[in-house]
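Here is a short tour for anyone who likes to get a feel for a fold before setting up a calculation. Take a moment with the view below, then read on.

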Amino acid sequence: MKVLIIGSGGREHVLAQKCKLSNTVEEVFVIPGNDAMSGVATVISNIKEDNHEKIKEFVVNNDIEWVIIGPEQPLIDGLTDVLSETNAKVFGPNKEAAQLEGSKEFAKKIMDKYNIPTAEYETICSKEKALTYVEACPIPIVLKKDGLAAGKGVIVALTREEARQAVETLYTTDDEKVVFEEFLEGEEFSVMTFVNEEFAVPFDCIAQDHKRAFDADKGPNTGGMGAYCPVPHISKEIIEETNQKVAQPIAQALVSEGIQYFGLIYIGAILTEDGPKVIEFNARFGDPEAQVLLTKLDSDFIELLEKTYKKEPIKLEWKDESVVGVVLASKGYPANYEKGHIVEGLDQVEQYYVSALKKNEKGQYENNGGRVMISIGTGKDIREAQKNAYAQVEKIKCDNLFYRKDIGHKALKAQI
């Protein structure tokens with residue numbers, strides 16, 4: 001069969017590789033992809049991911065059997081709905097279902113209605129009311145822009161002054177919609193879940209992302225500076241509790257609301273004193289969690305999608321190894337950064353996935369975005385995988401990249 005991946009980042013890079021390894025896959029295409037993906041897929045760079053009609057035309061003309069939509073924006077914009085007019089099977093929810101990620105308020109209302117554990121919240125639709133609210137609300141407080149913000153629309157305000165500043169940042173107009181959430185204390189973790197209406201199969205191996213830009217969880221929130229799996233200090237019992245209290249109920253809740261969901265639900269969870277609660281839902285694989293989880297996954301990925309499509313029992317097979325992924329980002333990210341700096345040494349790196357590299361006229365790679373790539377290390381445990389990941393990072397040469405030096409530190413601390 002022929003498979004098409006939509007997207008251009010590291011998540012799509014690893015998805016393309018997993019599909020290429022499938023026994024049933026003849027050819028993998030990626031739209032628009034990036035230059036580094038050419039080793040695992042045919043890159044169709046002249047079609048943009050927001051050109052839904054061109055993508056539809058490509059799917060029809062090339063007899064694509066499976067389309068896997070990686071990023072959130074095409075899902076929110078309704079690419080799945082457009083492709084439903086073809087014969088292809090599309091892994092990714094339709095526009096209505098993708099609101100689970102596209103609107104923080106929508107997700108909170110669903111959780112509230114169906115008693116899915118999450119933080120208390122208040123939606124405020126004007127800057128003036130928000131400034132009044134932060135003068136009396138409990139501190140710390142979490143502010144979340146209602147729509148998509150590429151992982152950077154969340155501000156945790158630890159003081160009242162930070163809360164005021166957060167209001168000034170998130171309300172770019174006077175009538176923005178922002179969700180104010182109770183601050184939850186605990187360990188965060190990510191659970192990926194295959195969903196086809198009421199049929200929900202959470203991964204029994206989870207990952208932990210590192211959102212802050214700098215070591216020791218300092219600095220601004222980013223799209224993710226690294227991840228690792230498994231998470232040894234989150235027990236199987238907690239994962240099962242998250243399944244019973246979150247994964248199964250959210251799948252059933254969407255059915256009850258008349259919403260047809262087929263794709264992946266990312267559960268961003270936190271382990272509180274009262275048990276696991278939901279921080280956020282995403283309507284697709286997390287990035288960089290996908291890069292570490294799919295590295296560890298030993299199952300045939302397309303076979304898993306087929307079973308989800310048919311609602312057949314799924315047993316996930318995992319390699320007996322730990323995985324650590326370290327993101328290298330352009331200096332200045334997640335704020336302003338420069339592009340066009342030469343990146344060398346990739347031929348020395350054993351395993352990596354690329355988000356933002358392009359080749360110049362001399363055939364050299366240059367950085368072309370905020371998060372540039374992720375270096376992968378594997379090992380018998382997190383410590384060995386971490387050591388191997390950083391050994392790979394040291395081979396990458398560029399004057400304009402930075403990275404955290406403590407990816408996986410929570411797992412190591414928990415093992416002491």
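What follows goes from the overall build to one sheet and its strands.

This is a predicted model. Its secondary structure amounts to 13 helices and 24 strands. The radius of gyration is 21 Å, close to the 22 Å that the globule rule gives for 416 residues, so the protein is as compact as a globular protein of that length. Along the principal axes, the C-alpha atoms fill a box of roughly 60 × 50 × 45 Å.

Some whole-protein values, side by side:

| Property | Value |
|---|---|
| Buried share of the 416 residues | 57% |
| Share of contacts (separation of 6 or more) from residues 24 or more positions apart | 69% |
| Share of the exposed area supplied by carbon and sulfur atoms | 45% |

The exposed area itself is about 17800 Å². As for charges, there are 49 positive and 68 negative ones, and their mean positions lie 3 Å apart.

Now to the sheet. Five strands form an open sheet with parallel pairing, in the order β3-β2-β1-β4-β5. Which strands stand at the edges, each with a single partner strand? They are β3 (42–43) and β5 (89–91), so each has one side left without a neighbour in the sheet.

Further in, β1 (residues 2–7) pairs with β2 (residues 27–32) in the parallel sense, over six bridges. To find this pairing in the viewer, start from Val3, whose bridge partner in β2 is Val28.

Terms used:
Residues numbered from 1 in each chain as written. Predicted model: local features only at pLDDT ≥ 70, side-chain atom pairs only at ≥ 80, totals over all residues. Heavy atoms only, no water. Helix = DSSP H or I, 4+ residues; strand = E, 2+ residues; numbered from the N terminus. Rg over C-alpha atoms; globule rule 2.2 N^0.38 Å. Buried < 20%, exposed > 50% of the residue type's maximum accessible area, 1.4 Å probe, protein only. Contact = heavy atoms within 4.5 Å. Areas by Shrake-Rupley, 256 points an atom, 1.4 Å probe, with all protein chains shown as cover. Lys, Arg positive; Asp, Glu negative; His and termini not counted. Charge placed at Lys NZ, Arg CZ, Asp CG, Glu CD. Pairing = 2+ DSSP bridges.
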